[in-house]
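Work through the following exercises with the sequence and the model at hand. Each task is followed by a solution that goes step by step.

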Amino acid sequence: MLSFLYRIARSYQQEHGYRPNAVVMSKTHFRLLQASLPEISDYADLSRLLGMDVVLSEDCIHPHVSWMSMARRAAGE
């Protein structure tokens, strides 16, 4: 799962010319990632590891990355 996130982040950067600053995933995705990485105890740990904000969405079928402005991030979008 971690390698998948790094792969999609790298692909995003190559396509857009800048790094994504958010990863969108479901709680299930987070729990699976947490189970494989014992050092990840919460969303802040994952955010620091990835260098991106973690956005949870139960509508998310597959994790994806994006770039969000500060206003959108503050609103929780």
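**Exercise 1. Determine whether Asp45 and Arg48 are buried or exposed, and describe the salt bridge between them.**

Asp45 has a relative accessibility of 17% and therefore counts as buried, where buried means under 20% relative accessible area, exposed over 50% and partly exposed in between, with a 1.4 Å probe and protein chains only. Arg48, at 60% relative accessibility, counts as exposed. This is a predicted model, in which local features need pLDDT of at least 70 and side-chain atom pairs count only at pLDDT 80 or more, while totals for chains, interfaces and linings use all residues. Residues are numbered from 1 along each chain as its sequence is written, and side-chain values use heavy atoms, with hydrogens and water left out.

Next, apply the distance rule: a salt bridge is a side-chain nitrogen of Lys or Arg within 4 Å of a carboxyl oxygen of Asp or Glu. Asp45 and Arg48 satisfy it, since their closest N and O atoms are 2.5 Å apart, and the count by this rule comes to one salt bridge. Finally, place the pair in helix 3, where Asp45 and Arg48 are three residues apart and thus separated by about one helical turn; helices (H or I, at least four residues) and strands (E, at least two) are DSSP runs, numbered from the N terminus.

**Exercise 2. Establish which residues of helix 2 are buried, and what they pack against.**

Begin with the accessibilities: in helix 2, which spans residues 27–36, His29, Phe30 and Leu33 are buried. Seen down the helix axis, the buried residues of helix 2 fall within an arc of 100°, so they line one face of the helix; the arc is that of the directions from the helix axis to the C-beta atoms. Arg31, Leu32 and Ala35, on the other side of helix 2, are exposed.

Then consider contacts, meaning heavy atoms within 4.5 Å. The buried residues of helix 2 pack against helix 1 (2–16), strand 1 (22–25), helix 3 (43–50) and strand 2 (53–56). His29, which is buried with a relative accessible area of 11%, is in contact with Met1, Cys60, Ile61, His62 and Pro63 when its neighbours within four places in sequence are left aside.

**Exercise 3. Classify the aromatic pairs Tyr12–Tyr18 and Phe30–Tyr43.**

The rule is that rings of Phe, Tyr and Trp (its six-membered ring) pair if their centres lie within 6.5 Å, with planes under 30 degrees apart counted as stacked, over 60 as edge-to-face and the rest as tilted. By this rule the count comes to three aromatic pairs. Tyr12 and Tyr18 lie 6.0 Å centre to centre with 75° between the planes, and this pair is edge-to-face. The rings of Phe30 and Tyr43 have centres 4.3 Å apart and planes at 40°, so the pair is tilted. Because Phe30 lies in helix 2 and Tyr43 in helix 3, this pair ties together parts that are 13 residues apart in sequence. As a last step, note that ring pairs link Tyr12, Tyr18 and Trp67 into a cluster.

**Exercise 4. Identify the bridge partners of Val24 in strand 2 and strand 3.**

Two strands pair if DSSP finds at least two bridges between them. Strand 1 and strand 2 pair in the parallel sense over four bridges, and the partner of Val24 in strand 2 is Val55. Strand 1 pairs with strand 3 (residues 64–66) in the antiparallel sense over three bridges, the partner of Val24 there being His64.
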